[in-house]
Amino acid sequence: MTLALIGEDFVRALLQGTPPGTVYALIGLGFVLTYKTSGVFNLAFGAQAYISAAMFFKARQEWGWGIVPAVVLSVFVIAPAIGLTLERLIFRNLRTASAVSKLVIAIGLSVALPALFELIADYKPVAGRTPTGIVPDGSSVFYDPTGVYPFSRDELAQIIVAGVGVILLGAMFRFTSMGLAMRGVVESPRMTELAGIPADRVSALAWAISSIFAGMAGVLIAPRLNTLISNDFFTLMVLAMAAAAVGRLVSLPGAFFGGMGLGWFIAVFNTYLPRWADDHTWLEPFKDNLTPSLPFVVLFGILVFWPAIRRAVDAADPLSGVDPPPPALAATTRHPLLTLQTRIFGVCFLGLVGWLGFTQADVRWIALLSTATVLSIIYLSITVITGFAGQISLCQGAFAAIGAFTVFQLVDRYDMSALTAALIGAAIAAVVGAIVALPVLKLGGVWLAIATLAFAFFFDAVIVKFSWVGGGESALFSGTQVPRPVIGPFDFGESDRAFLALAVIVLVIVSVAVIQLREGTIGQSLRALRSSEVAAESIGISPARARIVAFAVSAFIAGLGGAFLAMLEGDVNYPKNFSPVAAMFWLVLVVSLSARTVEGAIQAGAAFALFSPVILEGSFLEWLPYFNEDNLPGIFPISAKWRFVLFGLTAIQFARHPEGMLEFGKRRATQKRNDRYYARDAERAAAPEAAT
Amino acid sequence: MTAVLESEVITKTFSGIQALSDVSIRVDAGERVGLIGPNGAGKTTFFNCLLGILAPDSGTVQFQGRDISSYPVHKRARAGIGRTFQRIELFSDTSVREHLLIAERVHNGTGAFWKDLIGLGRPRRDEIDRCDDVLDLLGLLDLADEPIEALSLGQGRLVEVGRALMTEPTLLLLDEPSSGLDRDETTALATTLRAVQAEKGFAILLVEHDVELVADFTERLYVLDFGSLIAEGPTASTLAMPAVRHAYLGNLEVSDG
C-alpha cells in the first residue's frame with residue numbers, strides 16, 4: 001500500500017543507492033576521523049583504496065588466494081600499514097603545520113602512492129579483467145525482499161560489511177576508553193592533550209581505522225568497475241569528500257548520513273532524469289553527461305550553498321597552526337657581486353641552450369624543448385595562484401583545456417587564425433576562472449582546494465563531452481585536431497624550430513608579465529593578504545577582489561599554455577594532457593620545485609618534459625663517449641612511473657620548505673656565498689682603517 | 001564641530017548574552033576620544049562592529065554623514081577609517097618603508113592591474129617621498145630599510161600607525177596601543193601620536209584599559225561596562241565619577257578613597 005503511494009521507482013532507487021551509499025559513508029568517516037585527529041584532509045585515501053583493491057585483485061586472480069586471506073592481506077595488513085606509516089613518518093611531525101601544507105603533502109602522496117604500488121607489486125591494470133568482490137559469485141541475485149529491487153550478493157556484502165564497520169566504530173566510541181579518548185580528541189584536541197591523553201596514539205589509531213575503512217571501501221567498490229585503474233578511485237574519493245563535506249569535515253554522523261544521502265540522491269536522480277529529459281528536450285544533452293558527474297555537482301553545490309560550511313571555515317582546521325612565512329627569495333638577498341655572476345651565468349646558459357636548440361638539436365630534442373617551453377607557460381599559472389596568492393587550485397588542467405578546446409572549436413568552425421583563437425581561449429579561461437572562484441573564494445584553504453577539485457572533475461565528466469567543447473564523444477576518440485598558427489610569411493606548422501621560437505617568445509612575455517604582477521600592487525597586495533588578512537583589509541585591500549584577479553590571471557595563463565600545448569601536439573589530447581589527475585601532478589611538480597619564482601615554473605616544465613626521456617630512459621649516458629643507443633646499461637629504461645613517485649614524495653618537504661626544494665637549495669647556496677662576499681667586503685673596509 | 005563618526009544604538013548578542021546594548025558614541029573632527037571599560041565590557045566587540053568585522057544585531061554606523069553600516073571591512077578602510085591592532089599585525093618579509101608603500105599604492109591604486117602589467121606598478125619617486133615624510137614624522141626614517149622582524153614592539157606599533165596614515169584617514173582607531181609596552185614606551189607613543197595628529201588633523205578613537213594613558217591623551221571619554229555606556233563626558237570629570245571608579249576599581253577601593 002505504502003509502496004504504491006510513494007512510487008515503486010522511488011523505492012527501487014533508494015534500495016539501489018544504499019550499497020554505494022554505505023561505501024561512500026565508510027571513506028567519508030575516514031576523512032573526518034583523520035581530519036579531526038591530525039588535521040590532515042587526506043586526499044590520499046583514494047590512492048589507499050586503490051592499493052587495497054588492486055592488492056586484493058592480485059592476490060585473488062594472480063596468486064589464486066582464497067577470499068579470506070586476500071581480504072586479511074589487503075584490508076587488514078596493507079591498508080593500516082600504509083596509514084600508520086604515513087602518520088608516523090610524515091604527518092605526526094607536522095601537527096603544527098598549516099592545513100594547506102598538509103593538503104599539498106596529501107596530494108603529493110596521492111600522486112606517488114599508486115605509482116609506487118604499481119612499481120613494487122608489479123601491478124598493471126589489464127582491460128577486460130574484471131575485479132571480483134568479497135563473496136563468491138557476487139553478481140548473482142541474492143535476495144529480493146520487496147520484489148522491487150533485486151540485491152546482488154556483492155551489494156549485500158557492501159551493505160553488511162560497511163554497516164558492521166560503522167557499527168563497530170560507533171560501539172568503540174561509545175564503550176571503550178580509547179573511544180572516549182578519541183571522542184575527546186575529535187571534540188577538542190588541545191584540551192584532551194592537556195588532560196594527559198596521548199594524542200599521538202589516538203591519531204595513530206584514527207589513521208589505522210580510517211585506512212582500513214578506505215581499503216575496505218576500495219575492495220567493496222571494485223566489482224562495480226570494469227578494470228581496476230587508479231583514476232576511478234579518485235572519483236570514489238571525491239564522492240566520499242562530498243559525504244564528509246556534508247558533516248563540515250568534522251561531524252561523524254554528518255559524514256555517515258552524507259554518504260548514504262549521496263548514494264540515494266544519485267540513484268534517484270539517475271532514475272528520474274531520463275524521464276524528465278523525455279518531456280523536456282533541452283535536458284537531453286545533460287541526460288548522458290550529468291549522471292556521471294552528479295557527485296561533483298553535489299560537492300560543488302554543498303560547498304557553495306551548505307550554510308554550515310560558511311560558519312565552519314574558521315573553525316575547520318582543528319589542529320592547524322600557522323606556517324612561518326616563507327623566507328625571502330634567494331634572488332632578493334644576493335650580494336651584488338653574486339647577482340652579477342648569476343646573471344652572467346644565466347645569460348650564458350640560456351644562450352647555450354638556445355644555440356643548441358636552434359642549430360644543433362634534432363627533431364626529437366626540438367620536440368622535447370618545445371614541450372618544456374609550453375608546459376612552463378602552463379606552470380606559470382600555478383606560480384600565480386599558489387606561489388603568489390597562496391591558494392591551492394586543482395583545476396588548472398580544466399583552464400588549460402578551455403584554451404585548447406577554444407582553439408580547436410574556433411579554427412574548426414570559423415577558420416579563425418590559431419593565434420587569435422588562443423588569445424580568445426585564454427580570455428574565456430580567465431572568465432571561467434573568475435566565475436569558479438567567485439562563490440568559493442571566501443572559503444579559502446582546504447575548502448578552495450576541494451571546490452576546485454570538484455570543478456575539475458565536473459569539467460572532465462560533463463563539459464568536455466559537449467559537442468561545443470570537446471566536439472562530442474566521437475571527436476574525443478578520433479581526434480581534436482588543432483593547427484599551428486600562420487603569421488604573415490611564417491607558417492609555424494612547417495617548421496618545428498619556428499614553433500619553438502614562437503613558444504619561447506610567448507613564455508618570455510608571460511614571464512615578464514608575471515614578474516610585473518609580482519612586483520606591482522597586485523602582487524604586493526597578495527603578499528600582504530598572505531601574511532595578515534586583517535591588516536591588509538585595514539588598508540583597503542579587498543581580499544575577494546585580489547584573489548579573483550589572481551584566479552583570473554592564473555586561468556588566463558593556463559588557457560594560453562593549454563592552447564599552445566594543443567598546437568604543439570596538433571591535437572588537444574585531452575585525456576593525456578588535461579585530466580584532473582594530470583593537473584594534480586602539475587601542482588605537485590611545481591610546488592615541490594619552486595612555486596614562487598618564474599625560474600621555478602620553467603624548471604618544473606623542463607623537469608616534466610625532460611626527466612623521463614633524459615634521465616629515466618638513460619639518454620644522458622649517450623652524451624658520454626662510451627655509450628650509444630644500443631649499449632645502455634640494463635637498468636634503463638627505468639619506468640616513467642618513478643617520475644610520479646619522486647616528485648610526489650618531494651612534495652612531502654612542502655611543510656618544511658614551502659618555497660620548494662630548488663628554491664631552498666638556491667637559498668642555502670646563496671647564503672654561503674653571500675657570507676663569503678660580505679666577509680671580504682668587511683675585511684676591505686677594515687683594511688684602510690688599519691693603515692691610517 | 002562636525003561629527004566624523006556616529007554610532008547609533010548598536011546592539012549585539014552572542015548566543016543570548018548581551019554583549020552590547022544601545023551603545024551610541026560620537027567622534028568629532030580632529031578630536032581625541034577614549035573608550036574605556038574593564039575586561040569583558042564589550043570594547044572589542046564594539047570596535048569590531050565599527051570596523052565591519054562583526055555585524056551588529058541592530059544600530060547604524062555613520063561616517064562623515066554617510067551610513068556605512070553595510071560596508072565590508074576594506075571599504076570602511078577606503079572611506080577613511082584607519083586602525084592599529086592590539087596584537088601587532090605586520091606583513092612579514094617586508095621592510096618598514098615597503099609597509100607604507102603598499103598602503104600608499106593600494107590607496108591610490110586605480111586600475112592597478114594594467115598599471116602593474118606595463119610596469120607602472122613599481123613605486124614612483126613621489127610615492128616613496130610621501131612614505132618618507134610620514135616615516136620622518138614618526139621618527140622612523142632611520143629604520144626605513146629595516147625588516148620589520150628587527151623592530152621592537154613599540155616601533156612596530158608606530159609602523160602600524162604609519163601604514164594607516166598612508167591611507168589618509170579622517171579617523172584613526174587605536175586598539176589598546178599600550179598593550180605590551182612599558183610606561184616610558186607608552187608615554188613616547190602618546191607624544192608621537194599627539195604630534196602627528198597636530199600635523200595631520202585626523203580624529204582619534206582610542207580603545208584602552210590603561211587609564212593613565214587615557215587620562216593623559218584623550219579629551220573626551222566613553223565608559224563601557226557590561227555592554228552599556230555608563231558614563232561619558234570630558235576625560236577628567238568622567239574619570240572622577242563614582243560609577244566609573246566603581247566599575248574600574250570595585251567597592252573596596254572606592255571606600256578606601
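These are my notebook entries on chain A, on its interface with chain B, and on a few salt bridges. The model is predicted, and I kept that in mind throughout.

**Entry 1: chain A as a whole**

I began with chain A and its secondary structure, which comes to 28 helices and four strands. Next I looked up burial: of its 692 residues, 57% count as buried. The accessible surface of chain A is about 28,600 Å², and carbon and sulfur atoms hold 66% of that surface. I also checked how far along the sequence the contacts of chain A reach. Taking contacts between residues at least 6 apart in sequence, I noted that 77% join residues at least 24 apart.

**Entry 2: where chain B meets chain A**

I turned to the interface and noted that 28 residues of chain B are in contact with 32 residues of chain A. Together the two chains bury about 2,500 Å², with 63% of this area on carbon and sulfur atoms.

Which elements of chain B give two or more residues to the side that touches chain A? I wrote down helix H2 (73-79), strand E6 (81-83), helix H3 (96-107) and helix H4 (112-117) of chain B. H3(B) supplies the largest share of that side, five residues. Sorting the residues of this side by type, I got 13 nonpolar, six polar and nine charged.

How many salt bridges does the rule find across the interface of chain B and chain A? My note reads zero. For polar contact, the rule finds four residue pairs across the interface, counting pairs with both residues at pLDDT 80 or more.

**Entry 3: salt bridges within chain A**

Over all chains, the structure holds 25 salt bridges. I picked two in chain A to look at.

My pick from helix H2 of chain A was Arg12(A) with Asp9(A), whose closest N and O atoms are 3.1 Å apart. These residues are three apart in helix H2 (residues 8-38) of chain A, so about one helical turn separates them. Are the partners buried or exposed? Both fall in between: Arg12(A) is partly exposed at 29% relative accessible area, and Asp9(A) is partly exposed at 24%.

The other pick was Arg224(A) with Glu155(A), where the closest N and O atoms lie 3.6 Å apart. This pair links distant parts of the chain, 69 residues apart. I found Arg224(A) in the loop between helix H9 (199-221) and helix H10 (230-246) of chain A, and Glu155(A) in helix H6 (residues 153-175) of chain A. On accessibility, I noted Arg224(A) as partly exposed, with a relative accessible area of 41%, whereas Glu155(A) is buried, at 11%.

**Entry 4: salt bridges within chain B**

In chain B, I looked up the side chains of Arg125(B) and Asp129(B), which meet in a salt bridge at 3.3 Å, N to O. Why are the two about one helical turn apart? It is because Arg125(B) and Asp129(B) are four residues apart in helix H5 (residues 125-138) of chain B. Arg125(B) counts as exposed, at 55% relative accessibility, while Asp129(B) is partly exposed, at 35% relative accessible area.

I closed with a group of residues in chain B. Glu104(B), Arg124(B), Asp126(B), Glu127(B) and Arg130(B) are linked in a network of salt bridges. I added a reminder beside this entry: side chains of opposite charge can pair when their charged atoms come close.

Technical notes:
Residues numbered from 1 in each chain as written. Chains lettered and ligands numbered in written order. Predicted model: local features only at pLDDT ≥ 70, side-chain atom pairs only at ≥ 80, totals over all residues. Heavy atoms only, no water. Contact = heavy atoms within 4.5 Å. Buried area = accessible area lost by both parts, 1.4 Å probe. Salt bridge = Lys/Arg side-chain N within 4 Å of Asp/Glu carboxyl O. Polar contact = N/O pair within 3.5 Å; in protein donor to acceptor, adjacent residues only side chain to side chain. Nonpolar A, V, L, I, M, F, W, Y, C, P; charged D, E, K, R; others polar. Buried < 20%, exposed > 50% of the residue type's maximum accessible area, 1.4 Å probe, protein only. Areas by Shrake-Rupley, 256 points an atom, 1.4 Å probe, with all protein chains shown as cover.
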